[in-house]
Amino acid sequence: MTKTISRALLAGAATLALATGAFAQERTLKLGHLANEDNTWHKAAVKFGEELEALTEGRIAVEVYPNETLGAEVDLINGMQLGTADMTITGESLQNWAPMAALLALPYAYDSLEEMDSVAGGEIGDEIEAQIVENAQIRPIAYFARGPRNLTSNRPITSPEELGGLKLRVPNVPLFVDTWKELGASPTPMAFSEVFTSLQNGTIDAQENPLALIASANFNEVQSHVNLTEHVRSWIYLTISEMVWNDLSEEDQQAVMEAASRAQAHERELFLADEERLVEELNSRGMEFVEVDTAAFAEAAKPAVLANVPEEIRDTAAQLFEN
């Protein structure tokens, strides 16, 4: 009799465990992105998954795929629109669908991290997000900071007048090319993979990138100065497919937003610590940091920046310069 009851209890426990397990695996979201495992965006994405799983008591799990293992950024956006992908981290690439997304990485639009936050988290940020949802059918649920782009060279440069035809590598983006021409440099579009060798052999004199890339590419071996131009300060969104979002209950939508908020706060903490670490690291490698007249750079760049943004957002862009 006792053995029979024990078997019944064990069978009931097994059934309950199976039922609980099935309940726990109600939905798994796949989150693909382009950064590597050391990047703060990846760590924040992992944090998002941990928080969402805890908030939903295991009903929603998140699998994070770094290094474009689920596909390139635009491929993932297309997949999210078609229902074959769930989530990604993306930024100004969204301007292909939503022109206002160009404001995410506008040269000299934001003088500081605080100013950027006030835009990203304010009325303009709300308008950008609404246009992305409507046009791209993906929903921004949090944003992460990006390290500002700075100019490296083999001499200090503190004002636009000191650029003097500097041969400068830039990405093949018309806005960047025209902005640096306006500032007085001689910009040369070039693949990132060619930059180190080109600096080494003197094909170019300088390049511009965030501190993280300056360090990881070992540009300290071929450049002596980091001129703190901070000419592009920007953010990037953690996004979810609108199809997936609409399939969630209101309770789960609230859980997603709470998990995203926690991930955003976590990323910011990591980002600030990383930027501080990078300054120390590049200093220790012998690079000298140079303060520049950012107001003079911004004023000189303004005509080229406004000429290159889509006409429908030109007034908003001009407003950012006035702030």
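Helix axes are here taken as lines fitted to C-alpha atoms over the stretch in contact, with angles running from 0 to 180 degrees between N-to-C directions. On this basis, in the predicted model, the axes of helix H4 (residues 113-120) and helix H10 (residues 250-284) cross at roughly 160° and come within 14 Å. Since angles over 145 degrees count as roughly antiparallel, H4 and H10 are therefore assigned a roughly antiparallel arrangement. The crossing in which H4 passes H10 is right-handed. On the H4 side, the contact is made by Leu113, Met116 and Asp117, and on the H10 side by Arg268, Phe271 and Leu272. By class, the contact of H4 with H10 comprises four nonpolar and two charged residues, with no polar residue.

A second helix pair is formed by helix H6 (residues 174-183) and helix H11 (residues 294-308), whose axes lie 8 Å apart and pack at an angle of about 140°. H6 and H11 are therefore oblique to each other. H6 passes H11 in a crossing that is right-handed. H6 contributes Pro174, Leu175, Asp178, Thr179, Glu182 and Leu183 to the contact, while H11 contributes Phe297, Ala300, Ala301, Pro303, Ala304, Val305 and Asn308. The residues of the contact of H6 with H11 divide into nine nonpolar, two polar and two charged.

Strand E4 (residues 138-153) is largely enclosed by the rest of the structure, because 14 of its 16 residues are buried. E4 runs antiparallel to strand E8 (residues 225-241), to which it is joined by twelve bridges. Within this pairing, Ile138 of E4 has Ser241 of E8 as its bridge partner. E4 is also joined to strand E7 (residues 206-209), here by three bridges, and the two strands again run antiparallel. In this second pairing, Thr152 is bridged to Gln207 of E7. In a regular strand, side chains alternate between the two faces of the sheet.

Backbone geometry in two loops was also examined. Most residues other than glycine have a negative phi. Glu57, which is not a glycine, has a positive phi of about 55°. Glu57 is situated in the loop between helix H2 (40-55) and strand E2 (60-65). With a relative accessibility of 68%, Glu57 counts as exposed, the cut-off for this class being over 50%. Asn218, likewise not a glycine, has a positive phi of about 55°. The position of Asn218 is in the loop between helix H8 (211-216) and E8, the strand that pairs with E4. The relative accessible area of Asn218 is 31%, so Asn218 is partly exposed.

A further loop position, Leu34, is found between strand E1 (27-32) and H2. Leu34 has a relative accessible area of 37% and is therefore partly exposed. When residues up to four places away in sequence are not counted, Leu34 touches Trp41, Asn67, Glu68 and Glu73. Leu34 is separated from Gly165 by 131 residues in sequence and by 34 Å in space, C-alpha to C-alpha.

Note on methods:
Residues numbered from 1 in each chain as written. Predicted model: local features only at pLDDT ≥ 70, side-chain atom pairs only at ≥ 80, totals over all residues. Heavy atoms only, no water. Buried < 20%, exposed > 50% of the residue type's maximum accessible area, 1.4 Å probe, protein only. Helix = DSSP H or I, 4+ residues; strand = E, 2+ residues; numbered from the N terminus. Pairing = 2+ DSSP bridges. Parallel < 35°, antiparallel > 145°, perpendicular 65-115°, else oblique. Left-handed = near helix turned anticlockwise from the far one by under 90°. Contact = heavy atoms within 4.5 Å. Nonpolar A, V, L, I, M, F, W, Y, C, P; charged D, E, K, R; others polar.
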